[in-house]
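Welcome, and thank you for taking a look at this chain. Below is a short tour, from one end of the chain to its pockets.

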Amino acid sequence: MRIVKFILLFISVSINTYSQGDQESIKLKLKTQANKGGQHLLKKNYHEFLDFMYPDAITKMGGRENIIKMIKDGQVEMEQNGTRIIGVEFGEPSEILIRDNTLQCILPQMITLQVRGGTLKSKASLFAISSDNGNNWTFLDVTGKTKEQLKQIIPIFHEGLDIPAPTDPTFYKG
């Protein structure tokens with residue numbers, strides 16, 4: 001009986017270790033893809049940028065061309081006010097949870113804007129989802145949204161995901 005308990009314990013530890021390593025590998029892919037999307041935004045490659053956006057949100061927002069127009073218009077307005085995006089970085093993803101054959105997590109994002117008189121750093125929360133076991137990810141900014149609001153956009157949103165409360169941007173003079 002002791003041998004059976006030992007074997008079960010060994011198998012359990014092995015599975016948990018493998019799962020943790022697997023999660024780290026998946027998180028690395030997630031952050032790599034988020035960084036690619038962020039670079040496309042910085043370089044104003046909007047068609048490529050949208051390849052990383054949650055597809056259902058694209059549909060609900062009127063399609064790719066409509067979103068590209070909104071982004072371009074927003075960029076023009078920002079630049080007319082002396083503001084431009086100069087950096088996009090990502091923090092560590094939350095625990096990856098599974099719902100309806102998808103992997104889901106929340107990914108912290110930091111955007112740096114050049115503004116008149118200095119820089120502004122703003123934090124956001126991105127919903128990240130993969131329907132192919134973490135090989136490909138899409139993202140959606142969920143900053144300031146409630147879980148009820150998100151379920152309207154993302155019906156399979158995992159209840160276990162916590163969205164951090166929004167924070168005010170930080171201004172750095174100079």
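## The end of the chain

Gly-174 sits in the segment after strand E6 (170-173). This is a predicted model, and in it Gly-174 counts as exposed because its relative accessibility is 90%, where the cut-off for exposed is over 50%.

Which residues does Gly-174 contact, once its neighbours within four places in sequence are left aside? They are Gly-117 and Gly-118. The C-alpha atom of Gly-174 is also separated by 9.7 Å from that of Val-115, and these two residues are 59 apart along the chain.

## The chain as a whole

The chain holds five helices and six strands. Read along the sequence, these follow the pattern α-α-α-α-β-β-β-β-β-α-β.

Of the 174 residues, 34% count as buried. If you take the contacts between residues at least 6 apart in sequence, 56% of them join residues at least 24 apart.

## Helix H4 and its two faces

Helix H4 (64-80) is a good place to check the geometry. Its 17 residues should span 24 Å at 1.5 Å a residue, and the end C-alpha atoms are indeed 24 Å apart, so the two values agree.

Which residues of H4 are buried? They are Ile-67, Ile-68, Ile-71 and Gln-75. These four cover an arc of only 100 degrees around the axis, which means that they lie on the same side of H4. An α-helix has 3.6 residues a turn, so residues three or four places apart point the same way. The face of H4 turned away from the buried side carries exposed residues, namely Glu-65, Glu-77 and Gln-80. After H4 comes Gly-82, with a positive phi near 80 degrees.

## A loop with positive phi values

The loop between strand E2 (97-99) and E3 is home to Asp-100, and Asn-101 is found in the loop between E2 and E3 as well. Asp-100 has a positive phi of about 50 degrees although it is not a glycine. Asn-101, also a residue other than glycine, has a positive phi near 65 degrees.

Is Asn-101 buried or exposed? Asn-101 counts as exposed because its relative accessibility is 72%.

## The largest pocket

Rolling a probe the size of a water molecule over the atoms shows where empty space is left. The largest pocket has a volume of about 770 Å³. Its lining is made of 29 residues, and Leu-41, Phe-49, Ile-71, Gln-109 and Asp-141 lie nearest its centre. Ile-71 is also one of the buried residues of H4.

Several elements each supply at least two residues of this lining: helices H1 (2-42), H2 (46-50), H3 (55-60) and H4, together with strands E1 (84-90), E3 (102-115) and E5 (138-141). By type, the lining divides into 21 nonpolar, five polar and three charged residues.

## The second largest pocket

The second largest pocket has a volume of about 170 Å³. It is lined by 14 residues, of which Pro-108, Lys-123, Ala-124, Ser-125 and Pro-164 lie nearest its centre. E3 and strand E4 (118-130) are the elements that give two or more residues to this lining.

Which element gives the largest share of the lining of the second largest pocket? That is E3, with four residues. The lining of the second largest pocket divides into seven nonpolar, five polar and two charged residues.

How values were computed. Residues are numbered from 1 along each chain as its sequence is written. This is a predicted model: local features need pLDDT of at least 70, side-chain atom pairs count only at pLDDT 80 or more; totals for chains, interfaces and linings use all residues. Side-chain values use heavy atoms; hydrogens and water are left out. On a 1 Å grid over the protein atoms alone, a cavity is a set of points where a 1.4 Å probe fits but cannot get out, and a pocket is an open set with protein on both sides within 12 Å along at least five of seven lines; lining residues have an atom within 4 Å of a point. Grid points are joined across faces, edges and corners, and a volume is the space filled by probe spheres set on the points. Ala, Val, Leu, Ile, Met, Phe, Trp, Tyr, Cys and Pro count as nonpolar, Asp, Glu, Lys and Arg as charged, and the others, Gly among them, as polar. Buried means under 20% relative accessible area, exposed over 50%, partly exposed in between (1.4 Å probe, protein chains only). The expected span of a helix is 1.5 Å times one less than its number of residues. The arc is that of the directions from the helix axis to the C-beta atoms. Contact means heavy atoms within 4.5 Å.
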